[in-house]
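Reader: I would like a close look at a single part of this model, the strands and how they pair, along with whatever packs around them. Please take it residue by residue where you can.

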Amino acid sequence: MRLNLPDTASVASLKEFAAAGADVPRENAETREENGLRPEGTATVSLPGFAVGTLAAVPAHGLDPAVECGANGLRSATEAPHTVAIYALGNFRVIRNGVAVPRTAWQSRKARDLLKVLVSRSRPAPRDQLMEVLWPGVDPGKSSNRLSVLLSTVRQVLQPAKDDPQPLLTDGTSVWLDSALVSIDVAEFRSTAISAVEAHRAGRTDAVARMYRAAGLYTGDFLEDDPYADWAQHTVEELRALHQAVLRALIHHCQANGDVDEVVRHTLRLFEDDPYDEQAHLNLIKVLITAGRIGEARRRHDIYRRAMAEIGVEPRAMPALRPRTAALPAWPPAAL
């Protein structure tokens with residue numbers, strides 16, 4: 001059973017403000033700069049658990065008061081909690097209750113980074129790992145306090161209402177997002193892609209639908225708008241490899257069924273991930289020749305030669321033209 005316990009360090013550092021329902025205390029200039037927080041005088045972030053959806057908090061989060069408090073005032077206890085959707089394939093976006101959360105709501109670049117790290121994980125993230133990712137080499141005591149402040153900020157952004165369930169959970173040692181309250185495109189793609197490839201390899205009848213579903217979920221590489229996040233590279237490569245596995249399975253299926261256009265479409269998507277996949281280049285050329293699409297085959301061979309030249313690989317020659325056959329070549333292809 002998961003426990004939604006308050007973060008110990010956060011409570012300790014903010015308890016004197018709790019009774020008054022005050023805003024999160026402002027750090028000194030040095031701490032704020034290291035955490036990426038906005039300068040004093042900008043919009044404040046209300047303390048989670050004490051804000052009651054006041055109008056003062058609304059502009060800071062870019063929300064309409066009717067959305068924050070409900071059409072008839074504060075939400076009743078029987079109303080459904082906010083729905084949070086996080087998109088990290090392509091550009092990073094957070095949608096809360098159908099409304100996009102603006103950058104100004106975060107107050108801190110590091111708070112967004114913390115959420116991105118949590119989104120990348122398929123399991124709860126230990127606090128010490130989060131601290132090392134966000135503040136490598138910094139004294140653990142100092143980074144622990146910083147993490148507590150960021151956790152408070154993320155909680156407030158994801159669920160500012162006092163009585164609603166919190167999407168961000170912690171047990172004191174690890175942090176995670178509650179999948180019952182938060183939908184994450186990364187998690188959905190990861191699970192769908194794995195099940196699709198497994199279904200394809202097992203020859204199950206639902207494999208094709210699963211593969212097309214997985215391919216449609218991949219709307220871009222992980223955090224395309226944050227290409228310099230070194231910690232994210234492992235996740236970028238992992239999800240890209242899963243996407244490629246799905247596309248290769250779709251190519252295999254379409255090729256076996258003689259669907260040349262779908263073979264071309266999925267292969268071109270494969271080249272978006274890896275333009276130097278020689279096996280895929282050779283296969284596409286062979287499929288086009290077999291289908292009698294000679295002009296396309298020649299153009300693809302020119303593209304293949306240029307790609308191989310870029311990585312110093314000797315390209316194979318264009319094969320002799322053969323009469324069109326009924327069946328497409330098998331996947332994976334033999335040498336041309």
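Author: A good place to start is I86, which stands opposite I184 in β7. This is a predicted model, and what follows describes that prediction.

I86 belongs to strand β1, residues 84-87, which pairs with β7 in the parallel sense over 3 bridges. Another contact between these two strands involves V84, whose bridge partner in β7 is V182. β1 also pairs with strand β2 (residues 93-96), here in the antiparallel sense and over 4 bridges. In that pairing, A85 stands opposite I95 in β2. The hairpin of β1 and β2 has 5 residues between the strands, and G90 takes a positive phi near 95° there.

These strands belong to an open sheet of 4 strands, with the order β3-β2-β1-β7 and mixed pairing. At its edges are β3 (99-100) and β7 (182-184), each of which pairs on one side only. As a general point, strands of a sheet pair through backbone hydrogen bonds, either parallel or antiparallel. Helix α8 lies across β1 and β7 and runs at about 60° to β7.

Two charged side chains sit over rings in this part of the chain. R93 lies over the face of Y87, at 4.4 Å from the ring centre. K116 lies over the face of F92, at 5.2 Å from the ring centre.

There is a further sheet, also open, made of 3 strands in the order β4-β6-β5, and its pairing is antiparallel. β4 and β5 stand at the edges with a single partner strand each, so one side of each has no neighbour in the sheet. Strand β4 (residues 125-126) is joined to β6 by 2 bridges, and the two run antiparallel. P126 of β4 has S174 as its bridge partner in β6.

On the other edge, strand β5 (residues 168-170) pairs with β6 in the antiparallel sense over 3 bridges. L168 stands opposite L177 in β6, while L169 has W176 as its bridge partner in β6. Helix α7 (residues 140-158) packs on this sheet, where it touches β5 and β6; its direction makes about 145° with that of β5. Between β5 and β6 the hairpin has 3 residues, and G172 takes a positive phi near 100° in it.

Strand β6 (residues 174-177) is covered on both faces: S174 and W176 on one side and V175 and L177 on the other are all buried. In general, the side chains of a regular strand alternate between the two faces of the sheet.

Some residues already named return in the nonpolar core. The largest core has 52 residues, and I86, V94, L114, L115, V119, L177 and F222 touch the most other members. Apart from it lies another core, of 20 residues, among them A280, L284, V287 and A307. As a broad tendency, nonpolar side chains in soluble globular proteins are buried together.

The aromatic rings complete the picture. The structure holds 2 aromatic pairs. F189 and Y218 form a tilted pair, 5.1 Å centre to centre with 55° between the planes. This pair links distant parts of the chain, 29 residues apart: F189 is in helix α8 (residues 185-202), and Y218 is in the loop between α9 (207-217) and α10 (233-256). Both F189 and Y218 are buried. F222 and W231 form an edge-to-face pair, at 6.3 Å centre to centre and 80° between the planes. F222 counts as buried because its relative accessibility is 2%, whereas W231, at 26% relative accessibility, counts as partly exposed.

To bring the parts together, β1 has β2 as its antiparallel partner and β7 as its parallel one, with α8 lying across β1 and β7. β6 pairs with β4 and with β5, and α7 touches β5 and β6. I86 and L177 are among the residues that touch the most other members of the largest nonpolar core.

Conventions:
Residues are numbered from 1 along each chain as its sequence is written. This is a predicted model: local features need pLDDT of at least 70, side-chain atom pairs count only at pLDDT 80 or more; totals for chains, interfaces and linings use all residues. Side-chain values use heavy atoms; hydrogens and water are left out. Rings of Phe, Tyr and Trp (its six-membered ring) pair if their centres lie within 6.5 Å; planes under 30 degrees apart count as stacked, over 60 as edge-to-face and the rest as tilted. Buried means under 20% relative accessible area, exposed over 50%, partly exposed in between (1.4 Å probe, protein chains only). A charge sits over a ring if NZ of Lys or CZ of Arg is within 6 Å of the ring centre and within 35 degrees of the ring normal. Two strands pair if DSSP finds at least two bridges between them. Contact means heavy atoms within 4.5 Å. Axes are lines fitted to C-alpha atoms, for helices over the stretch in contact, and angles run from 0 to 180 degrees between N-to-C directions. A nonpolar core is a set of buried Ala, Val, Leu, Ile, Met, Phe, Trp, Tyr and Cys residues joined through side-chain atoms within 4.5 Å.
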